[in-house]
Amino acid sequence: MDEEKNTITLHPVHGANGHLGYCPGCEQPSGELMFLGIANTVFVCEQCGTKLLSEEMPKEECPTCGSTQYRVDHELGTGETIPGSLCKTCREKLEHEEKLLKEGGIYFRCLTCNQKGIITDKEVCDKVREKSGITEGPVGVEFEEDCPFCIQRKQDPESN
Ligand SMILES: [Zn+2]
Ligand SMILES: [Zn+2]
Ligand SMILES: [Zn+2]
C-alpha cells in the first residue's frame, strides 16, 4: 500500500522493526515511529559520538563531523528508542545558533567534557579569528583546560 514501507528489508526476527524516536538534542521522546528493518545495530562515531543505525559498518561520513570512523555500540533491543528528528525546542535552538554564527559567533567544543556551543563575545571571537586567520565563515575553538563548563562543574559538582 505505502510505497515507502516497501523500501525497507524486513529483519528476520523483528520484521518491520518499529522503534519510537527521541530528539537527539535533548533525548526527549519525539513522538515518531520509525521502521528500521534489518538496520538494527547502533554505531557510534569515534570522533563526536553521533549515533547511526545501520545493518553493517556505515561507509558514509558522519552527519555531524564528517568522520568515517565508527565503532559498534550495541544491537537494538526490542522497544528501545532511537534518535529521530530534533524537537521544536532543539530546532529553535539550532536556528538561534545559526543566527549567532551568521552574526560572527564562533563554535567552541571542550575536549574534556564534550560541551559544545557558540561564543558571541566579540573580543573572544576577534581573538580566535585573528589567531586562525579566518575572518569570515565558521570558525571553531577547542578547549582543553580552560573550559568554562569544566571549571563550573569543578566548583559545583552537584549540578548537571
Ligand atoms: Zn530536543
Ligand atoms: Zn562524528
Ligand atoms: Zn569542559
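A strand here is a run of at least two residues that DSSP labels E, with strands numbered from the N terminus. With that in hand, we can place Phe43 in strand S3, residues 41–45. The model shown in these views is predicted.

**The whole chain: nine strands and three helices.** The protein chain holds nine strands and three helices, following one another in the pattern β-β-β-β-β-β-α-β-β-α-β-α. Its radius of gyration is 19 Å, well over the 15 Å that the globule rule gives for 160 residues, so the chain is more spread out than a compact globule. Along the principal axes, its C-alpha atoms fill a box of roughly 60 × 35 × 30 Å. Of the 160 residues, 9% count as buried. Among contacts with a separation of 6 or more, 51% join residues 24 or more positions apart.

**Two domains, with their centres set 29 Å apart.** The chain is divided into domain 1, residues 9–83, and domain 2, residues 94–155. Between the C-alpha centres of the two domains, the separation is 29 Å.

**Phe43, a buried residue of S3.** Is Phe43 buried or exposed? Phe43 has 20 C-beta neighbours inside 10 Å, and 20 or more is the cut-off, so it counts as buried. Once neighbours within four places in sequence are left aside, the contacts of Phe43 are Leu52, Ser54, Met57, Pro58, Tyr70, Arg71, Val72 and Asp73. Tyr22 sits 21 residues from Phe43 in sequence, and their C-alpha atoms are 16 Å apart in space.

**The sheet around S3.** Three strands make up an open sheet in the order S4-S3-S5, and the pairing is antiparallel. Its edge strands are S4 (51–54) and S5 (70–75), each of which pairs on one side only. On average, and ignoring direction, neighbouring strands of this sheet are turned by 35° against each other. Look between S3 and S5 for five bridges joining these antiparallel strands. In this pair, Val44 stands opposite Arg71 of S5. As background, side chains in a regular strand alternate between the two faces of the sheet.

**Helix H1, where no residue is buried.** Helix H1 runs over residues 88–102. How far apart should the ends of its 15 residues be? At 1.5 Å a residue the expected span is 21 Å, and the end C-alpha atoms are 21 Å apart, which agrees. H1 is hardly covered, as zero of its 15 residues count as buried. Just after H1 comes Gly104, which takes a positive phi of about 105°.

**The hairpin of S7 and S8.** Strands S7 (residues 106–110) and S8 (residues 116–119) run antiparallel and are joined by four bridges. Two facing pairs are good places to start: Tyr107 stands opposite Ile118 in S8, and Phe108 has Gly117 of S8 as its bridge partner. Five residues lie between the strands of this hairpin, in which Asn114 takes a positive phi near 70°.

**The mixed sheet that includes the hairpin strands.** S8, S7 and S9 form an open sheet of three strands in the order S8-S7-S9, with mixed pairing. S8 and S9 (140–143) stand at the edges with a single partner strand each, so one side of each is left without a neighbour in the sheet. From one strand to the next, the twist averages 30°.

How values were computed. Residues numbered from 1 in each chain as written. Chains lettered and ligands numbered in written order. Predicted model: local features only at pLDDT ≥ 70, side-chain atom pairs only at ≥ 80, totals over all residues. Domains from an automatic or database assignment. Expected span 1.5 Å × (residues − 1). Buried ≥ 20, exposed ≤ 12 C-beta atoms within 10 Å, placed from the backbone. Pairing = 2+ DSSP bridges. Axes fitted to C-alpha atoms, helices over the stretch in contact; angles between N-to-C directions. Contact = placed C-beta atoms within 7 Å. Rg over C-alpha atoms; globule rule 2.2 N^0.38 Å.
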